[in-house]
Amino acid sequence: MEKADLFNFPAFFNKRCREEFKEYGFRCKSGVFYRVTEDMFQSFRLHRSVSGTDCTVEFAVLPLCEGETVVKTRCGFYHIKEFEDDNSWFEHGRTVASEIECVEKMISYIKKYLIPFFGKSASAENAYKAVCEFQKEHSGYKDVFMADYSLYCMALKAKLYDKCMEHLLARKNHVLSAYSGNSECGELSPEYKKNIQKKISEIDFEIEKLEKGDFEYFSHMLEQNEAVARANLGIKRIV
C-alpha cells in the first residue's frame with residue numbers, strides 16, 4: 001500500500017474544509033477556520049498528536065465582546081467527539097488511503113455536529129444557551145463551568161445580569177482557589193501575588209457595578225471590546 005510519507009495530512013484537511021465549509025463563510029488563518037456571525041466568533045482546527053497517527057477537531061464559540069483575546073488564530077479546547085460523549089480521537093494508519101479516510105470522517109463529524117452547533121450560536125444570547133447546554137450534556141465538566149470568562153461575556157451581552165453575578169462570584173472563587181492551591185506548593189513570587197490581587201480587584205469592581213445597576217458601564221465596555229475584536233479580525237461591521 002502507498003505510504004503516507006509524502007502525503008501532507010494537515011494540508012489535505014485544510015483543502016477539504018475550504019471545499020466543504022467556504023459556503024458557510026469560514027476563512028482560514030494558520031490552520032484555524034473562523035467566521036463571525038452577528039456578535040460571535042466561531043472557529044475550529046485540526047489538532048494532531050505527537051505520534052501523528054491520531055487527531056481531533058477542536059473548536060470555540062466566543063463573543064466578540066470578549067475583546068482583545070478574540071483573534072483569527074484563536075480556537076478552543078472542546079473537541080468534536082464530545083458531542084457523542086466520547087473522549088477518544090480519530091485514528092489512522094500510515095497510508096495515504098487511511099489518512100484520507102480519517103480526514104473524511106472528521107469532515108462528516110463537522111457537518112453532523114459542529115455546523116448545526118455553530119448555527120445555534122450565532123448571537124451571544126443563543127450561544128450562551130447552546131454552550132451551557134453543551135457543557136452540561138457533553139463536556140468534561142458535566143455542568144456549566146461558571147468561572148468561564150467567555151460565558152460571562154455572553155451573559156453580559158445578552159443582559160442576563162443575574163447570571164453575570166453568578167459568573168463573577170464563581171470566577172472570584174476560582175482565582176482564590178487556585179491561589180490557595182499554589183500557596184500550599186511553596187513560596188509564591190511577588191509578581192504572581194500582584195497578578196492575583198489585580199484579578200480580584202477587577203472582579204470586585206465589576207461585582208460592585210452590577211450591584212449598583214450601572215449597566216451603562218457594561219454597555220460601554222462591551223462596545224469597546226467588540227471594536228477591538230473587529231479590528232483584530234479585520235472587519236468593520238457585522239458580516
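**Salt bridges and the packing of helices 6 and 7**

Glu 226 is buried, with a relative accessible area of 13%. In this predicted model, the residue takes part in a salt bridge with Lys 157, in which the closest N and O atoms are 2.6 Å apart. Lys 157 belongs to helix 4 (residues 149–157) and Glu 226 to helix 7 (residues 215–233), so the pair ties together parts that are 69 residues apart in sequence. Unlike Glu 226, which falls under the 20% limit for burial, Lys 157 counts as partly exposed, at 29% relative accessibility.

The search of the whole structure finds 14 salt bridges. One of them joins Arg 45 to Glu 58, with 3.0 Å between the closest N and O atoms. This pair also links distant parts of the chain: Arg 45 is located in strand 3 (residues 40–48) and Glu 58 in strand 4 (residues 54–63), 13 residues apart. The acidic partner, Glu 58, counts as buried at 9% relative accessibility, whereas the basic partner, Arg 45, is partly exposed with a relative accessible area of 29%.

A further salt bridge is formed by Lys 212 and Glu 208, whose closest N and O atoms are 3.0 Å apart. Here Lys 212 counts as exposed, because its relative accessibility of 62% is over 50%. Glu 208 has a relative accessibility of 38% and counts as partly exposed, because this value lies between the limits of 20% and 50%. Elsewhere, salt bridges with shared partners connect six residues, namely Lys 15, Arg 16, Glu 19, Glu 20, Glu 104 and Lys 111, into one network.

Helix 7, which carries Glu 226, also packs against helix 6 (residues 190–211). The angle between these two helices is about 130°, and their axes are 8 Å apart. Helix 6 and helix 7 are therefore oblique to each other, since an angle of about 130° lies outside the ranges for roughly parallel, roughly perpendicular and roughly antiparallel arrangements. On the side of helix 6, the contact is made by Phe 205, Glu 206, Lys 209 and Leu 210. These residues meet Phe 215, Tyr 217, Phe 218 and Met 221 of helix 7. Classified by residue type, the contact of helix 6 with helix 7 contains six nonpolar residues, two charged residues and no polar residues. The charged residues are Glu 206 and Lys 209, both contributed by helix 6.

Definitions and conventions: Residues are numbered from 1 along each chain as its sequence is written. This is a predicted model: local features need pLDDT of at least 70, side-chain atom pairs count only at pLDDT 80 or more; totals for chains, interfaces and linings use all residues. Side-chain values use heavy atoms; hydrogens and water are left out. A salt bridge is a side-chain nitrogen of Lys or Arg within 4 Å of a carboxyl oxygen of Asp or Glu. Helices (H or I, at least four residues) and strands (E, at least two) are DSSP runs, numbered from the N terminus. Buried means under 20% relative accessible area, exposed over 50%, partly exposed in between (1.4 Å probe, protein chains only). Axes are lines fitted to C-alpha atoms, for helices over the stretch in contact, and angles run from 0 to 180 degrees between N-to-C directions. Angles under 35 degrees count as roughly parallel, over 145 as roughly antiparallel, 65 to 115 as roughly perpendicular and the rest as oblique. Contact means heavy atoms within 4.5 Å.
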